[in-house]
Amino acid sequence: MAEQAAERDLSPLPGVGRSFIAGFESTYLPSFGVDGLEVSGHDDHLQADLDSVLSAGVRCLRYPLRWHRIEVEPGVYDWSESDLVLGRLRDAGAVLIVDLVHHTCYPDWLADGFRGADFGPAYVRFAEAVAKRYPWLPAYTLLNEPFTTFWFTGQQALWPPYDSGTAGFARMMCAVMPALSEVAQCWRDLLPAAHHVWVDTAEHHFGVGRGEAAAQLANERRHLVLDLALGRHLDPDRPSLRAVLESGGESLLELTPLQVDVLGLDYYCHSEWYYDDQQAQAPSPVPVGFAAIAEQYGDRYGLPMMLTETNLRGLPSDRVSWLRYTLEQYELALARGVRLHGYCWFPQVDSCDWDTLLARCRGRFDPVGVFGLALDGSRTDTIFTSAWRAAAAGAPVDELPAYRLQPPNVAHLAGFLPGLQHWPWQDPGGDEFVPAIHIPETPNSEHSSPDLTRGP
């Protein structure tokens, strides 16, 4: 299966090399009735946000189809918003990778979320309707970050339906993955020329002492969902698979394998974990870097790949340095023969409320985007915006600034710094030292509507 996918012509997606991809954050918060695009003001700044991508010469972008807004009532579809934005992007010559379900982006009437018996049929019905509505789509992600989504909703009880433990993890997979296989075949039949871009986290775990066993398990577990989807590496004695099977996941071995054309890797500083006798921590103090991790995934799956998400929370100068670092790692992977088809800084505009992993909705800016958010919701250019534009236009990595990291990132990323001693470090400008803003809690703040007058 890997050989068939590797030989398939991937055009109009970017070829192997350093091409930029853009993306927009859209995760829906079912408890609050808003999504990431709304909170960031994308609906009010739609054309400007799209122009910020296209004017930089970036033609490939990940863009969400907001199921919770398209199908507010079961079986009743309102395509007006998606027709507008997808039409504009198509007319502009953009190459779209549409995102059908981004984390918890499903309609409110699916009361039990992924766990409900109604999720699978509804998801299949919606996906088929999308494929028939937009038969020209060149590429798609059917379920963003499946492993992380199942882990947060099932194992860790961080997102609805707030299940927990290995049994909860198994329940999420059993409820969703048969439908995912069915949707993948549906889209393969209806859009045979389009490309399936499977997007998930690119993890690496390192352990010492008693932490070594935990790291080994995590390194094996990181591949579980994709392996199940592809029908590969399914030895029942495999530790993570055995645990899921013993927790009610036996039906997962009966899944119809799906086909993946491109493997999207989401890599952040917290993608690398370290375990010792006392604790687990991320970022790791001994990271191996994206190039090495991309090699691991390439060796395992034999698929063309993309770096589909990266960012860094911090000052614009910190983000410039992370951009330089990840691009350097991206090019190192290319030099080692890894087939990478694109680099995506995600998202294009600052997101909101990820400081609580979306447990609260207060409209608090998350300083991670290509463009910042001003207090009135307007977009702001920063030195990171300029660096991103230069890199998107083809500037060599060694021409990008290397700004000394500021607190807290100077400590947060200490493990990365020994490998960057060759950089021509410089201090950021004085306006990069931004004081923190204290926002007092209010009694009902966790249930309040987003307020874009609040800063980070």
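The following exercises, each with a worked solution, concern the predicted model shown above.

The model is predicted, and local features need pLDDT of at least 70, side-chain atom pairs count only at pLDDT 80 or more, while totals for chains, interfaces and linings use all residues. Residues are numbered from 1 along each chain as its sequence is written, and side-chain values use heavy atoms, with hydrogens and water left out.

**Exercise 1. Strand S5 and its neighbours**

Determine how strand S5 is covered and with which strands S5 pairs.

Solution.
- Step 1: Locate the element. Strand S5 spans residues 95-99. Helices (H or I, at least four residues) and strands (E, at least two) are DSSP runs, numbered from the N terminus.
- Step 2: Examine the covering. Five of the five residues of S5 are buried, where buried means under 20% relative accessible area, exposed over 50%, and partly exposed in between (1.4 Å probe, protein chains only).
- Step 3: Sort the side chains by direction. In a regular strand the side chains alternate between the two faces of the sheet. In S5, Val95, Ile97 and Asp99 point one way, and Leu96 and Val98 point the other way.
- Step 4: Find the partners. Two strands pair if DSSP finds at least two bridges between them. Strand S4 (residues 60-64) is parallel to S5, with five bridges, and Leu61 has Leu96 as its bridge partner in S5. Strand S6 (residues 139-141) is also parallel to S5, with three bridges, and Thr141 of S6 stands opposite Asp99.
- Step 5: Follow the chain. From S5 the chain passes through helix H6 (residues 119-133) to S6, forming a right-handed β-α-β crossover. A crossover is right-handed if, with the strands pointing away from the viewer, the path from the first strand over the helix to the second runs clockwise.

**Exercise 2. Strand S12**

Describe the pairing of strand S12 and the unit that S12 makes with helix H13 and S13.

Solution.
- Step 1: Strand S12 covers residues 305-309, and five of its five residues are buried.
- Step 2: Strand S9 (residues 262-266) pairs with S12 in the parallel sense over four bridges. Within this pairing, Met306 in S12 stands opposite Gly264.
- Step 3: Strand S13 (residues 340-344) runs parallel to S12 and is joined to S12 by two bridges. Leu340 in S13 is the bridge partner of Met305.
- Step 4: Together with helix H13 (residues 316-335), S12 and S13 make a β-α-β unit that is right-handed.

**Exercise 3. An open sheet**

State which strands stand at the edges of the open sheet S8-S10-S11, and why one side of each is left without a neighbour in the sheet.

Solution.
- Step 1: The open sheet has three strands in the order S8-S10-S11, and its pairing is mixed.
- Step 2: Strand S8 (204-207) and strand S11 (280-281) are the edge strands; each has a single partner strand, so one side of each has no neighbour in the sheet.
- Step 3: Strand S10 (residues 272-275) and S11 are antiparallel, with two bridges. Tyr275 stands opposite Ala280 in S11.

**Exercise 4. Aromatic rings**

Classify the pair formed by Tyr77 and Trp79.

Solution.
- Step 1: Apply the rule. Rings of Phe, Tyr and Trp (its six-membered ring) pair if their centres lie within 6.5 Å; planes under 30 degrees apart count as stacked, over 60 as edge-to-face and the rest as tilted. The structure holds 28 aromatic pairs.
- Step 2: The ring centres of Tyr77 and Trp79 are 5.4 Å apart and their planes differ by 25°, and the pair is stacked.
- Step 3: Compare the surroundings. Tyr77 is partly exposed, at 25% relative accessible area, whereas Trp79 is buried at 10%.

**Exercise 5. Cysteines and histidines**

Establish how many disulfides there are, and identify the polar partners of His68 and His195.

Solution.
- Step 1: A disulfide is a pair of cysteine sulfur atoms within 2.5 Å. The count is zero disulfides. For Cys60, the nearest cysteine sulfur is that of Cys344, 8.5 Å away.
- Step 2: Cys60 is buried at 4% relative accessibility, and Cys344 is buried at 0% relative accessible area.
- Step 3: His68 lies in helix H4 (residues 67-70) and is buried at 8% relative accessibility. Its side chain makes a polar contact with the side chain of Asp35 at 2.7 Å. A polar contact is a pair of N or O atoms within 3.5 Å; within protein, one must be able to donate a hydrogen and the other to accept it, and residues adjacent in sequence count only if both atoms are side-chain atoms.
- Step 4: His195 lies in strand S7 (residues 195-201) and is buried at 1% relative accessibility. A polar atom of its side chain lies 3.1 Å from the backbone oxygen of Ser11.
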